[in-house]
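This note sets out some points for a colleague who is beginning to read protein structures. Please keep the structure in view while going through them.

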Amino acid sequence: MAIQRYTVTPHPIDTLLTWVKSGEIAIPEIQRPFVWDATKVRNLLDSLYRGFPVGYLIAWRNPTVKLKDGSSSAGKRVLIDGQQRVTALMAALLGQKVVTKDYEKVRIRIAFHPLEEKFEVSNPAIAKNAVWITDVAEIFAPDASLFALVNAYCIGNPGTNQDAIFKIIENLRKITNNHVGVIELDGDLDIQTVTEIFIRVNSAGAALSQADFAMSKIASNETFGGNTLRKAIDYFCHLAVAPDFYGKIKENDTAFAATDFFQQMAWVRNEKDDIYDPSYTDMLRVAFTSEFKRGRLEDLVALLSGRNFETKQFEESIAETSFAGLKTGILNFINETHFKRFVMIIRSAGFVDASLIGSQNALNFAYILYLTLRAQGKPAADIETAVRRWFVMSVLTGRYSASPESAFDFDIRQMHDQSFDAYSPATFAGELSDAYWDALLPQEMNTSSSSSPYFRVFQAAQVKLGDNGFLSRDITVRDLILNKSDVHHLYPRSHLKSQGLNRGRYNQIANYALAQTEINIAIGDKAPAVYFKELVEQCHGGKKKYGGITDPGELKANLAESCIPESILSGNVPDYDAFLEERRRLMAAKIKTYFQTL
C-alpha cells in the first residue's frame, strides 16, 4: 500500500489569517504578485457568505532546522497553492494593501448591501449611497463595534429594521468561521515532487518553477534578511525593464530605500540598455551559480533551508552561510561596473540589439563566466575574449536550451575543477570542429525561422566585421539592425510564390539579407536574373536603381559581405535550391571567421 505523503485538515479562515499575520504561513508577496481583479475578490466573499466551498490550500512545511544551541526549529508553511485567495481575504477583510502585477501597493475595497445581501467592488457612486457599507474591512476591524455599525447604518437608512440588519452583518462577520481544507505536504518531499503535485492538483494555475520555490524560501526568512534580499532581486529586475519604477520604490518602500541594496542599484534608473533585462529566475541562476559553484536551483533551496549534504540534516549555520553567500552573489550581479562591462562585452561581439539575443540562458551563463573569471583575477582582455567566445559557442550549439540547470552545473564544476583555461579549448574543439563548420552548421541553417540562432549569429558577425547592408554603399548592418530595417528576400518572396513554393521554402534564412527599405522596395518581386543584371549595368554607367554602389569592385565586395556568390553577376544565376546550398556554406564560413576574431 502506498504511503500517503500529505495530510488534509480543515481550518477556520480566521486561523489561516492569523497564521499569515504571524508568519506561520509564508506568502512571498512580490515573488507572486496579486493578479486577481477586484471582481474576483467580490465573488470570493459572496461564495463564503453563501456557504459555498472555495477550494483547498496546499502548503509545504519547510524542513526542521537544527539551531546553533542544539535545539530544533519547526519550519514555516510555504503556501504553494492558494496565495491569491488568502491574499484576497487579507485585502478585503483586514484592509491590507496588496502588491499588484505592476508592483504598486493598492487597497481593494469591497462594499456590502445589507438589505439585498450582495457584494460589489466599491466605487464613488457606491460611496455616496447610504444603503451600502462601502468597505467590509470596517466590519472586521478588531475594534469594530457591531452595535455602533448597525446603529449608524439604520440612522442613515430610515425605516430599516435594526434587528434584521444586525443579524445580516453578524452573519457576514461569521464567514471567518468557515472552514477551508489545508493540504499539508510532507516536509521531506523534494522540489520536483512538490511541483508535480501542484501541476496535478491545479493544472490551471500558473506553473511553479524551482526559482519560485527559491523565492518563497528567501521571502519567508526573517532571521537572515530574506525579505530584504527578495525585494532586492525583484526590484532590480523590474527596474531593468522600467527605470521609472525607481521613484515608486523610494516613495512606497522607505525601509528598502535605506538599504545598501537600493544604493547599489540606483544607477539602473538612468539605464536604457535592454540587451540584458533579467527576470528573477535569471538573477537567481547567475548569483547562485557564480557564488556557490552549483547550477541547480533545487540545491539553492536546500542550502537556504540549512541542508547539510553530507549528514542529510538541516542546520541553522548552513542556512546563515547560504543567505550570506546569496547576498554576495546578488550584490555582484547588480554592481554597476560588473553589469555594464558584461553588457559591453556582449555588444562587442556584435550583439548590439536585444532582437539578436535569442537565448537568455546563454546570456546568463556568459555573465556567470564573467563574474567567475573576474573573481579569479583574470586579466580584463582575457575575460572579454573568453566571454565572447563562450557566449557565441553556447548560442550556436544550443548548449543551455534543453536542460540548462544540468548544463550550468556541469560547466561551472568543470571550470573550477580544471580551470577555464584547461576546460574551454577542449570544449571549443569538440563543439566547433571543422566538421561542424563545414557540414553540420550549413545543414542546421536549412531553416525558415528568422529568429534562428544561426541567423542571429550571422547578423552579429556582420556587425562585428563592419559589413554594409545589402547593396548599401555607406549604411552598415549595425545601422540597419538598430533602426529595425527590412529583411530582404534575395530571391523575392512573390517571385518564389508564383513558382508554387510554400512559406517554408521561400522563407529560408539563406534567402535573407538586411537591406534598406528603399532598396527592398525598388527590387520588389523582380527575379534575381533581372535585378542583378540591372545592378551590373548600374555599375557600368547605367541608371542608378538599387542603392548608391556604382563601382564593380564595390559591388563584388558588398556581395561578399552578404555571402552572395559573385558568379551571380555574370548572369549565371543558379536555381533557388542550389543558391541556398551555396549561400549556407558561405554564411557558415563567415561565422567561422567571425568566431576566430572574437
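What share of the contacts in the protein with a separation of 6 or more is accounted for by residues 24 or more positions apart? The points below begin with that question and then turn to particular places in this predicted model.

1. **Overall build.** The share is 70%, counted among contacts with a separation of 6 or more. The protein has 598 residues, and buried residues make up 50% of them. Its secondary structure consists of 30 helices and 13 strands. Along the principal axes, the C-alpha atoms fill a box of roughly 100 × 65 × 55 Å. The protein exposes about 26900 Å², of which carbon and sulfur atoms supply 48%.

2. **Nonpolar cores.** The largest nonpolar core holds 138 residues, and within it Phe351 and Phe470 touch the most other members. Helix α18, residues 360–375, provides the largest share of this core, namely ten residues. A second core, separate from this one, has 42 residues, including Leu45, Leu57, Ala59 and Leu93.

3. **A polar residue in helix α18.** Thr372 is located in helix α18. Its relative accessible area is 5%, which lies under the 20% cut-off, and Thr372 is therefore buried. With its neighbours within four places in sequence left aside, Thr372 is in contact with Ser290, Ile412 and His416.

4. **An enclosed helix.** Helix α9 covers residues 210–219, and ten of its ten residues are buried, so the helix is largely enclosed by the rest of the structure. Among these buried residues are Phe213, Met215 and Ile218, but also Asp212 and Lys217. The reader may wish to set this list beside a general rule. An α-helix has 3.6 residues a turn, so residues three or four places apart point the same way.

5. **Surroundings of Phe256.** Phe256 belongs to helix α12, residues 254–257, and is buried at 2% relative accessibility. Apart from residues up to four places away in sequence, Phe256 touches Thr228, Lys231, Ala232, Tyr235, Ile249, Phe261, Phe262 and Met265. One of these deserves a closer look: Lys231 is 25 residues from Phe256 in sequence, yet their C-alpha atoms are 7.8 Å apart in space.

6. **Salt bridges.** How many salt bridges does a search of the whole structure find? The search finds 24. In one of them, Arg347 pairs with Asp273, and the closest N and O atoms are 2.9 Å apart. This pair links distant parts of the chain, since Arg347 is in helix α17 (residues 336–348) and Asp273 is in the loop between α13 and α14, 74 residues apart. Arg347 is partly exposed at 28% relative accessibility.

7. **Further charged pairs.** Arg399 forms a salt bridge with Glu431, with 3.1 Å between the closest N and O atoms. Arg399 sits in the loop between α19 and α20, while Glu431 is in helix α21; the two are 32 residues apart. Arg399 is buried at 18%, whereas Glu431 is partly exposed at 30%. Asp434 and Lys592 form another salt bridge, the closest N and O atoms being 3.6 Å apart. Asp434 lies in helix α22 and Lys592 in helix α30, so this pair ties together parts that are 158 residues apart in sequence. In addition, Arg107, Arg109 and Asp135 are linked in a network of salt bridges.

8. **Cysteines.** A search of the whole structure finds zero disulfides. For Cys539, the nearest cysteine sulfur is that of Cys563, 19 Å away. A disulfide requires sulfur atoms within 2.5 Å, so Cys539 is in no disulfide. Cys539 is buried, with a relative accessible area of 7%, and Cys237 is likewise buried at 7%.

9. **Backbone angles in two loops.** Lys293 is not a glycine, but its phi is positive, near 60 degrees. Lys293 is in the loop between α14 and α15 and is partly exposed at 39%. Ser419 also has a positive phi without being a glycine, at about 85 degrees. Ser419 is found in the loop between α20 and α21 and is partly exposed at 31%.

10. **A surface patch.** Tyr6, Val8 and Tyr56 make a nonpolar surface patch of about 290 Å². Tyr56 is in the loop between α2 and β3 and counts as partly exposed, at 48% relative accessibility.

Definitions and conventions:
Residues are numbered from 1 along each chain as its sequence is written. This is a predicted model: local features need pLDDT of at least 70, side-chain atom pairs count only at pLDDT 80 or more; totals for chains, interfaces and linings use all residues. Side-chain values use heavy atoms; hydrogens and water are left out. A nonpolar core is a set of buried Ala, Val, Leu, Ile, Met, Phe, Trp, Tyr and Cys residues joined through side-chain atoms within 4.5 Å. Buried means under 20% relative accessible area, exposed over 50%, partly exposed in between (1.4 Å probe, protein chains only). Helices (H or I, at least four residues) and strands (E, at least two) are DSSP runs, numbered from the N terminus. Contact means heavy atoms within 4.5 Å. Patches are made of residues with over 30% relative accessible area and no salt bridge: like charges are joined within 9 Å, nonpolar side chains (Val, Leu, Ile, Met, Phe, Trp, Tyr) within 5 Å. Accessible areas come from the Shrake-Rupley method with a 1.4 Å probe; for residues, only the protein chains shown count as cover. A salt bridge is a side-chain nitrogen of Lys or Arg within 4 Å of a carboxyl oxygen of Asp or Glu.
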